[in-house]
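Biologist: I have a structure before me that I have not studied before. May I ask how its features should be read, one at a time?

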Amino acid sequence: MSVTDTAVPARGNSAGVDWAKDDYAVCVVDADGEPLERLALKYTRTGLRRLIDLLDRHRVDAVGIERPDGPIVDALLAADTTVYVIPPSQVKALRRRYGSAGNKDDRFDAYVLADTVRTDRRRLTPLVLDSETTTGLRKLCRARKDLVAHRIAVANQLRAHLATTLPATVELFNEIDSSISRQFLTRFTTQDALDWLSPKRLAAWLKSASYCGRTDPAVLHARIDAAPRGATGNYGQTLAGITRAYLATLAAIVAQIDALNQQITEALDLHPDRDIFTSLPRSGTVRAARLLAEIGDARGRFPTPASLACLAGVAPSTRESGKVRIVTFRWAVDKQLRDAVCDFAGDSRHANPWAADLYQRARARGHDHPHAVRILARAWLDIIWKCWTTNTPYDPDRHRALQHLLKQDHQVAA
């Protein structure tokens, strides 16, 4: 049989989808890069059906898109279409392959995505989705993180308001948005109400509010007396309305954060990878859930620990030209994953001697705190990746670097 008689499977056509808010542009190209059809579809159920029909008609076997989630991606995967995610930052750079101007246009971006899949498919990684359990946990954790940011913002607004309205309450308790602080501000919203307090009355109220008693009531009353006076009379009552508005907003946010905490705990308890992440030092419940959710459960996404570290942004970016070699901060990363990993690594040093030693040695070399945490996070990801791929919880007794360090400490102590 001659070489020409050997059947070589032909690669199918490629497509690109540029997703906007209300509609999206689709471009299908053939094996030579020539556009076969361009189409603008509405972001509706009918539009999704037309998209799948278009891909079937042109025998498209791979689609390039800028984001890895949403109904369009779900529809493409349900139709057994291979999806390649090409981030917007890469698309911006790829535009210059087709012209020096680099103009932004949805129809043109759809063509760039389709042609990139055609020419660079071997360099791209097909999209592998996590399970619905993991995806749901990820959404819960991200929603909680957003609400925590809102709580901090409202607390800062309340603090700024009280600094001119009721200064005695700003530093009365450790946190302005703590339960005892919110109860106190709900009961004593004006300077006239504060003037009614005596050490004995304050002690009685704190007892009724189930105050932990960490600070003596006499000390708290002394802080009230030493602080500048706030607004009184009708003006004070007017400003108290603003205080109550902030308190009501804070109470609603805190209640929803508590509800999400309960949902996260329940979802984490039912997840098959729970033991892997809760076994890590100082992981807790929410932190373990964030780590699990952001790393995911699709093992094929990260064939090596380096691939996980690069996406998490804890591996440096190296640029080299001639004799010049520059190692810099990695910008093009999954920021949610980096935040989860660095949050865990930064706190793990308080419970794990190996992590503390690694962090201190990084600081001794002149690195600042964020850089030292990223170095520690990079080391932790090697361990997490191994546990994750082998479905094995973290065991300090099997952590050789930790045991070697503990053995040295014992020898020094002896």
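**Reading the model by its features**

Modeller: Let us begin with a single residue. L405 is found in helix 17, which spans residues 400–413. Please keep in mind throughout that this is a predicted model.

Biologist: Is L405 buried or exposed?

Modeller: A residue counts as buried when its relative accessible area is under 20%. L405 has a value of 13%, so L405 is buried.

Biologist: Which residues does L405 touch, leaving out those up to four places away in sequence?

Modeller: They are P353, W354 and D357. Of these, W354 is 51 residues from L405 in sequence, while the two C-alpha atoms are 6.7 Å apart in space.

Biologist: Where may I see separation along the chain set against separation in space once more?

Modeller: Consider V324, in strand 7 (residues 324–328). V324 and A351 are 27 residues apart along the chain, and their C-alpha atoms are separated by 40 Å. As for its surroundings, V324 has a relative accessibility of 48% and therefore counts as partly exposed. A further pair is T304 and R187, which lie 117 residues apart along the chain with 57 Å between their C-alpha atoms. T304 is placed in the loop between helix 12 and helix 13, and its 37% relative accessibility makes it partly exposed.

Biologist: How is the whole protein divided into domains?

Modeller: There are domain 1 (13–123), domain 2 (135–267) and domain 3, which consists of 273–296 + 303–413. Between the C-alpha centres of domain 1 and domain 2 the distance is 51 Å.

Biologist: What does the database record add for residues 276–360?

Modeller: An unreviewed UniProt entry annotates this stretch as "domain: Transposase IS116/IS110/IS902 C-terminal". In the model, residues 276–360 are 51% helix and 12% strand, and the C-alpha atoms at the two ends are 26 Å apart.

Biologist: How should I read the packing of two helices?

Modeller: Two packed helices are described by the angle between their axes and by the distance between those axes. Here, take helix 13 (residues 305–312) and helix 14 (residues 335–348), whose axes come within 7 Å and cross at roughly 105°. Helix 13 and helix 14 are therefore roughly perpendicular to each other.

Biologist: Which residues of helix 13 and helix 14 meet?

Modeller: From helix 13 come L308, L311 and A312, and from helix 14 come L337, R338 and V341. Sorted by class, this contact has 5 nonpolar residues, no polar ones and 1 charged residue. On spacing within a helix, the general idea is that an α-helix has 3.6 residues a turn, so residues three or four places apart point the same way.

Biologist: How many residues of helix 12 are buried?

Modeller: In helix 12 (residues 286–295), 8 of the 10 residues are buried, and the helix is mostly covered. The buried residues are A288, A289, R290, L291, L292, A293, E294 and I295. They pack against several helices, including helix 5 (132–165), helix 10 (233–270) and helix 16 (369–390). Helix 13 and helix 14 are also among the partners of these buried residues. After helix 12 comes G296, with a positive phi near 90°.

Biologist: Which residue that is not a glycine also has a positive phi?

Modeller: S210 is one of them, with a phi of about 60°. S210 sits in the loop between helix 8 (199–208) and helix 9 (217–226), and with 64% relative accessibility S210 counts as exposed. D80, likewise not a glycine, has a positive phi near 60°. The loop that holds D80 runs between helix 2 (71–78) and strand 5 (82–85). At 72% relative accessibility, D80 counts as exposed.

Biologist: May we close with buried residues from a helix and from a strand?

Modeller: For the helix, T165 belongs to helix 5. Its relative accessibility is 4%, so T165 counts as buried. Apart from neighbours within four places in sequence, T165 is in contact with G230, A231 and L239. For the strand, S317 lies in strand 6 (residues 317–321). S317 is buried because its relative accessible area is 16%. Leaving aside residues up to four places away in sequence, S317 touches I326, V327, T328, F329 and R330.

Terms used
Residues are numbered from 1 along each chain as its sequence is written. This is a predicted model: local features need pLDDT of at least 70, side-chain atom pairs count only at pLDDT 80 or more; totals for chains, interfaces and linings use all residues. Side-chain values use heavy atoms; hydrogens and water are left out. Domain bounds come from an automatic or database domain assignment. Helices (H or I, at least four residues) and strands (E, at least two) are DSSP runs, numbered from the N terminus. Buried means under 20% relative accessible area, exposed over 50%, partly exposed in between (1.4 Å probe, protein chains only). Contact means heavy atoms within 4.5 Å. Axes are lines fitted to C-alpha atoms, for helices over the stretch in contact, and angles run from 0 to 180 degrees between N-to-C directions. Angles under 35 degrees count as roughly parallel, over 145 as roughly antiparallel, 65 to 115 as roughly perpendicular and the rest as oblique. Ala, Val, Leu, Ile, Met, Phe, Trp, Tyr, Cys and Pro count as nonpolar, Asp, Glu, Lys and Arg as charged, and the others, Gly among them, as polar. UniProt positions are given in the numbering used here, feature names are shortened, and annotations may be inferred rather than shown by experiment.
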